[in-house]
Amino acid sequence: MATKQNTVTVDRISAESTFGIDWAEEVRELAHQRNAVILAHNYQLPEIQDVAHHVGDSLGLSRIAAATDADEVIFCGVHFMAETAKILSPDKRVFIPDANAGCSLADTINADQLREWKAEHPGAIVVSYVNTTAEVKALTDVCCTSSNAADVVRSIDPNREILFLPDQFLGAHVRRVTGRDNIHVWLGECHVHADISPRDLVDTVRANEGAELFVHPECGCTTTALWMAESGEIPGETTQILSTGGMLEAAKKTTSERVLVATEIGMLHQLRKANPATEFMPVNPQAACPYMQMITPEKLLDCLRYGRDEVFVDEEIAAVARSAVERMIPIGNPGGGE
Ligand code: SF4
């Protein structure tokens, strides 16, 4: 266990020291020449976050991409996120430094599986978390983020069945907070967040009495966190279930000495920058997304030098998927997705 944790830390440090100011200057200069905007998801390597024009969560970044007058969008994240940027910016060229950067959660359901599921529940409303492919979004009635998932579900006629996908932990959270029992939840999960287990949470919380707790709703420990708060084992007022954007806002406001964070460890970089006075500690220090880490400094440079990998979405699919994304924007606080 200790070896794996050290590997993650050492890899990140060596990448930082190898790619210094010259690399960052070249990246920014190439972006300027191409009139490109560089976007980095909160889970990216620290040096990628630091060189990007904007850092944030997936939907928030896609909306920034749509609003910018840049000709090109360089999306440092995983493939479904770059697809979402393309869906919202069909007239811009969108690139991802490595098109093989997938997502184990988005991969749990494809368009054929969703068609079959819909056929089993005719008349049901399909609610998809933004962590899905463009094809799945195109078969969706309304998308949601982790910030507005419950509000999206509440906005639907209580008599209509709902198919909620793809994350089972977020689905269970939504079912619990809305009290609806006519929600069918797809049994997908993100392997990184699922591995932040109830055991990790209980051990870390008990070892850090008095610390605040931020939990992303995709985590395998979400239910345990709520149970510990409800049973009084940890104070309910210092336990929050938050999207990555919500964590950042909460980090800016907290006056706690220590906050325990249950999500992918790349998030800690932004939290520490937002509030250097508080110590942010991972609930599971090994929770690193291997797909996010496929976006390396070398690949970002190659992306800008050689224009690869470009992301394409079929125009008809993009148009229908765009409607599903746009339908959720006015509901609750959509925040930014993962
Ligand atoms: S952390 Fe999980 S949900 Fe996020 S990109 Fe990685 S595999 Fe997908």
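Colleague: Let me start with one residue: in which helix is arginine 322 found?

Modeller: Arginine 322 has its place in helix α16, residues 315-328. Helices here are DSSP runs of H or I with at least four residues, strands are runs of E with at least two, and both are numbered from the N terminus. This is a predicted model, where local features need pLDDT of at least 70, side-chain atom pairs count only at pLDDT 80 or more, and totals for chains, interfaces and linings use all residues. Residues are numbered from 1 along each chain as its sequence is written.

Colleague: Is arginine 322 buried, exposed or partly exposed?

Modeller: The idea is to count other C-beta atoms, placed from the backbone, within 10 Å of a residue's own: 20 or more is buried, 12 or fewer is exposed, and in between is partly exposed. Arginine 322 has 19 such neighbours, so arginine 322 counts as partly exposed. For a sense of distance, its C-alpha lies 29 Å from that of glutamine 270, with the two positions 52 residues apart in sequence.

Colleague: And how many C-beta neighbours does aspartate 91 have?

Modeller: Aspartate 91 has 7 inside 10 Å and therefore counts as exposed. You will find aspartate 91 in the loop between α5 (79-88) and β4 (93-95). Its C-alpha is 37 Å from that of alanine 194, which is 103 residues away along the chain. Helix α5 itself is mostly covered, with 10 of its 10 residues buried. Among them are His79, Phe80, Glu83 and Lys86.

Colleague: How many residues of strand β1 are buried?

Modeller: Six of the six residues of β1 (36-41) are buried, so the strand is largely enclosed by the rest of the structure. Both faces are covered: Ala36, Ile38 and Ala40 are buried on one side, and Val37, Leu39 and His41 on the other. Just before β1, asparagine 35 sits in the loop that follows α2 (21-34). Asparagine 35 counts as exposed because it has 11 C-beta neighbours inside 10 Å. Its phi is near 50°, a positive value in a residue other than glycine.

Colleague: Which strands pair with β1?

Modeller: Two strands pair if DSSP finds at least two bridges between them. β1 pairs in the parallel sense with β3 (72-76) over five bridges, and valine 37 stands opposite valine 73 there. β1 also pairs in the parallel sense with β2 (54-56), over three bridges, where alanine 40 faces valine 55. Between β1 and β2 the chain passes through helix α3 (46-51), a right-handed β-α-β crossover. That hand is a clockwise path from the first strand over the helix to the second, with the strands pointing away from the viewer.

Colleague: In what order do the strands of the open sheet run?

Modeller: The order is β10-β9-β11-β12, with parallel pairing. β10 (239-241) and β12 (279-282) stand at the edges with a single partner strand each, so one side of each has no neighbour in the sheet. One of the pairs joins β9 (212-215) to β10 over three bridges, with leucine 213 opposite threonine 239.

Colleague: Where does UniProt place the cysteine "binding site" feature?

Modeller: An unreviewed UniProt entry places it at Cys103, Cys190 and Cys289. They spread over 187 residues of sequence, yet the largest C-alpha distance is 9.4 Å. UniProt positions follow the numbering used here, feature names are shortened, and annotations may be inferred rather than shown by experiment. Cysteine 190 lies in the loop between β8 (183-185) and α10 (191-194), and it counts as buried because 28 C-beta neighbours lie inside 10 Å.

Colleague: How many residues surround the ligand?

Modeller: A residue is near a molecule if its C-beta atom, placed from the backbone, lies within 6 Å of it. Here 14 residues surround the ligand, the closest being Cys103, Leu105, Cys190, Val192 and Cys289.

Colleague: Finally, which peptide bond leading to a proline is cis?

Modeller: The bond from leucine 165 to proline 166 is cis, with omega near -10°. Proline 166 is in the loop between β7 (162-165) and α9 (168-178). The bond from arginine 308 to aspartate 309 is also cis, with omega near 0°.
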